Amino acid sequence: MDSGTLDLSTFPELPGRGALITDGDELHASDLGNLVDRKPAAILRPRSTADIAVAAAWCCRNGVPLRAHGTLHTTGGQALCPSGGIQVDMRSLELIHAVTDDHADVEAGVLLRDVVWHAWLRGRRLTSGPTGYLQLSTGGVLSVGGISSLHSEGAIIDRVQAVEVVTPTGAVRWCTPERNGALFNAVLGGLGCAGIITRARLGLTPVPPLTRVYDLHFPSLQEAVRAARVLVRRGEVDDLLIRWFAPQRHRYQLRFTTYHRADRKPDDAHLLRGLDATAQTWDVSYWEFVTSTDNRYEPFVTAGWNRVHKVWADYFMPDSALDEFLAGTAPEITDLDLSETSIGLLFPHRRSSFTRPGLRLPDDELVWLFDMLSDAAGQTDPFWLPDRLRRNQRWRRRATDLGGTLYPIGTDLDPASHDLVLAHPAQMSFAQEDQCLR
């Protein structure tokens, strides 16, 4: 079905004066992975929650799929609408209602970068910490979960105070843990299954003006993991992650931070005790630290990075099985998996900090998010794409066999057809998803 066969003659007037686009090159067909192509029959650019509500009610009555997307920062077509449906482009909902000492109240299309900036102006940060890359819509982040490098705060969805939601039948509900609690839990990390998040209140907390960054390098991933475990156990640092990238893919960087004021500098010797590695340290403002990934990728995006193929592998692993998983997986990472813009990441997190049921996690008290974010920039191997897709299938089976779970921003596609391997909730017809609440 396309716009030529979808009868929109009874589509209602949009009360917020949003726009319904039915032709032209503006119809979206792919996400950041550039692997899945789906052209909706129409795009809705809402100017208000009411626009989405009337569209959802019409789609429900007429059996038309409805999907919402923000900046399309997934790589397996998760946010794309089935053919013949209506895609809601949430980026037009970009109003920041309020930023207080306690929370930021924003529409779902507001970029996380803007939330972080306005919080920083008040000496605040997201209680959860932000994602590493900030050019993401707030609603999109809350739909997948949102993972930061703060190892003791859970996911971004764990520090959400309230959300406004349009249900699959077109009802508008404000939800908190106490009010409409079932819907609150269903939409946070729910991949759009239970409704469209249109507005959110994100918890904020004070943050000192300076961030001291510590970089340590290890010759093996296992040694970096052992040092990270020590730091998590001590609980003395803020951000904590391990990363590796080209051209030194066998050099593993452990990065951690501590937030501080100029008159209360961290005790470097105390924080680094027993880690058996030389550290590079420097101070930057908190804003400079949280925008460092944005600044690194900005020239690549300008040069067309958004248009290259990407195959991402993203799994939560229990600490008890991480060593075995890495023993099988790390030797399989080659130069084809890494480019100037590709990167491997490991984030440790305390399991007890995660409270929302929408994000499936292993049961160990320490869990790790493993990310291998590969892209085809500069690649000339004709088998790069099918080999990376088969790699993901192999790693996914290994992770699952060892008790791992999927973080659903990645690429789980059949190498032959590029169809989703998973019966992913985000691929369901929105008109049928009211079953999620029953």
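Analyst: In this predicted model, buried means under 20% relative accessible area.

User: Why is T211 called buried?

Analyst: T211 has a relative accessible area of 0%. The limit is under 20%, so T211 counts as buried. T211 is found in strand 11.

User: What is T211 in contact with, leaving aside its neighbours within four places in sequence?

Analyst: Its contacts include T257, T258, Y259 and H260. W282, D283, V284, S285, Y286 and F289 are also among them.

User: Why does S285 count as buried?

Analyst: S285 has 17% relative accessibility. That is under 20%, so S285 is buried. S285 is found in strand 14 (residues 279-285). Beyond four places in sequence, S285 is in contact with W120, P209, L210 and T211.

User: How far apart are S285 and R261 in sequence and in space?

Analyst: They are 24 residues apart in sequence. From C-alpha to C-alpha, the distance is 10.0 Å.

User: How many aromatic pairs does the count give?

Analyst: The count comes to 15 aromatic pairs. One of them is Y214 and F256, a stacked pair.

User: What makes the pair of Y214 and F256 stacked?

Analyst: The ring centres are 4.5 Å apart, and the planes differ by 10°. A pair needs centres within 6.5 Å, and stacking needs planes under 30 degrees apart, so both conditions are met.

User: How do you know that Y214 and F256 link distant parts of the chain?

Analyst: Y214 is in strand 11 (residues 210-218), and F256 is in strand 13 (residues 252-260). They are 42 residues apart. Y214 is buried, at 0% relative accessible area. F256 is also buried, at 0% relative accessibility.

User: Why is the pair of F325 and F370 called edge-to-face?

Analyst: The ring centres are 5.2 Å apart, and the planes are at 80°. Over 60 degrees counts as edge-to-face, so the name fits. This pair also links distant parts of the chain: F325 is in helix 9 (residues 319-329), and F370 is in strand 17 (residues 366-375), 45 residues apart. F325 is buried at 0%, and F370 is buried at 1%.

User: Which cluster holds F325 and F370?

Analyst: Ring pairs link F325 and F370 with W244, Y252, Y315 and W395.

User: How do you know that the charged end of K310 sits over the ring of W305?

Analyst: The charged end of K310 is 4.5 Å from the ring centre. The distance limit is within 6 Å, so that condition is met. R201 lies over the face of W174, at 4.7 Å from the ring centre.

User: Which residues have the most contacts inside the largest nonpolar core?

Analyst: They are L142, I147, V163, V187, L188, L359 and Y407, in a core of 61 residues. Helix 2 (residues 112-121) gives the largest share of this core, five residues. Not counting residues up to four places away in sequence, L188 touches L142, I157, V160, V163, I197, R356 and G358. Apart from the largest core lies another, of 39 residues, among them A227, L240, Y252 and A330. In soluble globular proteins, nonpolar side chains tend to be buried together.

User: Which residues lie nearest the centre of the second largest pocket?

Analyst: T71, Y133, Q135, V301 and N306 do, out of 24 lining residues. The volume of this pocket is about 460 Å³. Helix 8 (residues 292-302) gives the most to the lining, with five residues.

Definitions and conventions
Residues are numbered from 1 along each chain as its sequence is written. This is a predicted model: local features need pLDDT of at least 70, side-chain atom pairs count only at pLDDT 80 or more; totals for chains, interfaces and linings use all residues. Side-chain values use heavy atoms; hydrogens and water are left out. Rings of Phe, Tyr and Trp (its six-membered ring) pair if their centres lie within 6.5 Å; planes under 30 degrees apart count as stacked, over 60 as edge-to-face and the rest as tilted. Helices (H or I, at least four residues) and strands (E, at least two) are DSSP runs, numbered from the N terminus. Buried means under 20% relative accessible area, exposed over 50%, partly exposed in between (1.4 Å probe, protein chains only). A charge sits over a ring if NZ of Lys or CZ of Arg is within 6 Å of the ring centre and within 35 degrees of the ring normal. A nonpolar core is a set of buried Ala, Val, Leu, Ile, Met, Phe, Trp, Tyr and Cys residues joined through side-chain atoms within 4.5 Å. Contact means heavy atoms within 4.5 Å. On a 1 Å grid over the protein atoms alone, a cavity is a set of points where a 1.4 Å probe fits but cannot get out, and a pocket is an open set with protein on both sides within 12 Å along at least five of seven lines; lining residues have an atom within 4 Å of a point. Grid points are joined across faces, edges and corners, and a volume is the space filled by probe spheres set on the points.
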